[in-house]
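Subject: Handing over the structure

Hello,

Here is the structure I promised to pass on to you. Please have a look at it first, and then read my notes below.

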Amino acid sequence: MTISIKTAQDIEKMRIACRLGAEVLDYVTPYVQPGVTTEELDRLCHNYMVNEQGCIPAPLNYAPPGYIPYPKSICTSVNQVICHGLPNDKPLKNGDIVNLDITVIKDGYHGDTSRMFLVGDNVANHAKRLCQVTFECMWIGIDAVKPGGHFGDIGAAIQKYAEKAGYSVVREFCGHGIGLRFHEEPQVLHYGKAGTGPAFVPGMIFTIEPMINAGKRDIKSLSDGWTIVTKDRSLSAQWEHTVLVTETGVEVLTVSAGSPERPETLLLG
Ligand code: MF3
Ligand code: CO
Ligand code: CO
């Protein structure tokens, strides 16, 4: 297994691609309202990426081995959808939770980030708690990235916190190295054992994107070839940042004016 170490020039380009990815989320935020379809959100984001940012939407026609080409420009995962939800013509309802996952390509480099959105003013407290705890899981994973540590430290920290909240961690999908390719080595597990896996080396760039289920961890793939849902139909949430290992710690690359700030305190003490 070889994890690429990015050069100073690579890192400069990755900062740009990652900021642009986050800015797509900033742009689309006001449109995430009851009544809008996920297809409309896809269209808005596609046009913004292509016409305003001069970016390529990385998901469009992306076809990893064993998959049919992804037919849309963003992923929209509503309620019990864990990830890779295909935008469709069904309007979002007051009380839904939805993850919008954006990956742009700028100058050949990929920036990958996702956020949860609460749709309308009637989201149940249990759903809000799941979104908040999952946001905290992402940040706990980010905080586990430090010189001298190992990739397993990320998963161990996330799993511990998610399970303390009574939730489960999805195992089949993980974070990933990223750069000139969308999905590079290593696989960044969101569960596991501290001290295992490769060591962090300055210049590594990868995503941390925990998928946390309110119920059991088991997944089910839908017949559209992409959408992944919880087997027990419980709610699922996900947040994603792309990060760089530095000499002293970690730099979050997918930041923009509208990025939610890191949590000041944790919901579970
Ligand atoms: N953005 C997703 C990730 O975080 C991957 C989506 S692949 C797609 O890795 F083809 F569904 F877009
Ligand atoms: Co990703
Ligand atoms: Co993503």
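What are the angles among the six donor atoms at the site of the cobalt ion (ligand 2), and how is that site classed? Before the answer, a word on conventions. This is a predicted model, in which local features need pLDDT of at least 70 and side-chain atom pairs count only at pLDDT 80 or more, while totals for chains, interfaces and linings use all residues. Residues are numbered from 1 along each chain as its sequence is written, chains are lettered from A and ligands numbered from 1 in the order in which they are written, and side-chain values use heavy atoms, with hydrogens and water left out.

**The two cobalt ions**

Now the answer: the angles run from 51 to 163°, and the site of the cobalt ion (ligand 2) is irregular. (Four donors count as tetrahedral if all angles lie between 85 and 135 degrees; four count as square planar and six as octahedral if opposite donors are over 155 degrees apart and all others between 65 and 115; anything else is irregular.) The protein donors here are D112 (OD), H176 (NE2), E209 (OE) and E240 (OE), at 2.0 to 2.2 Å from the ion. Donors are N, O and S atoms within 2.8 Å of the metal (3.2 Å for Na, K and Ca), and water is not among the atoms, so sites may look incomplete. Along the chain, the donors of ligand 2 follow the spacing D-x63-H-x32-E-x30-E. D112 lies in strand β5 (residues 109-118) and E240 in the loop between β13 and β14, so this pair ties together parts that are 128 residues apart in sequence. Strands (E, at least two residues) and helices (H or I, at least four) are DSSP runs, numbered from the N terminus.

The cobalt ion (ligand 3) lies 3.3 Å from the cobalt ion (ligand 2), and D112 coordinates both. For ligand 3 the protein donors are D101 (OD), D101 (OD), D112 (OD) and E240 (OE), at 2.0 to 2.4 Å. This site is irregular too, with angles of 58 to 166° among its six donor atoms. The donor residues of ligand 3 are spaced D-x10-D-x127-E in sequence. D101 sits in strand β4 (residues 97-106) and E240 in the loop between β13 (236-238) and β14 (241-245), so these two tie together parts 139 residues apart in sequence.

Are these donors buried or exposed? D112 and E240 are both buried, E240 with a relative accessible area of 1%. D101, at 11% relative accessibility, also counts as buried. (Buried means under 20% relative accessible area, exposed over 50%, partly exposed in between, with a 1.4 Å probe and protein chains only.)

**Around β4**

Nine of the 10 residues of β4 are buried, so this strand is largely enclosed by the rest of the structure. With β5, strand β4 pairs in the antiparallel sense over 10 bridges; two strands pair if DSSP finds at least two bridges between them. I97 has L118 in β5 as its bridge partner. In the hairpin of β4 and β5, two residues lie between the strands, and D107 takes a positive phi near 60°. Strand β2 (residues 75-78) is joined to β4 by four bridges and runs antiparallel to it, with V78 partnered by V98. Strand β1 (residues 56-57) pairs with β4 over two bridges, again antiparallel, and I56 stands opposite I105.

**A three-stranded sheet**

β3, β12 and β11 form an open antiparallel sheet in the order β3-β12-β11. β3 (81-83) and β11 (219-221) stand at the edges with a single partner strand each, so one side of each is left without a neighbour in the sheet. Three bridges join β11 to β12 (residues 228-230), and I219 stands opposite T230.

**Core and cysteines**

The largest nonpolar core has 37 residues, and among those with the most contacts inside it are I97, F151 and F206. (Such a core is a set of buried Ala, Val, Leu, Ile, Met, Phe, Trp, Tyr and Cys residues joined through side-chain atoms within 4.5 Å.) The largest share of this core, 10 residues, comes from α3.

Finally, a search of the whole structure finds zero disulfides, a disulfide being a pair of cysteine sulfur atoms within 2.5 Å. The sulfur of C75 has its closest cysteine sulfur in C83, 7.7 Å away, too far for a bond. C75 is buried at 10% relative accessibility, and C83 is buried at 4%.

Best wishes
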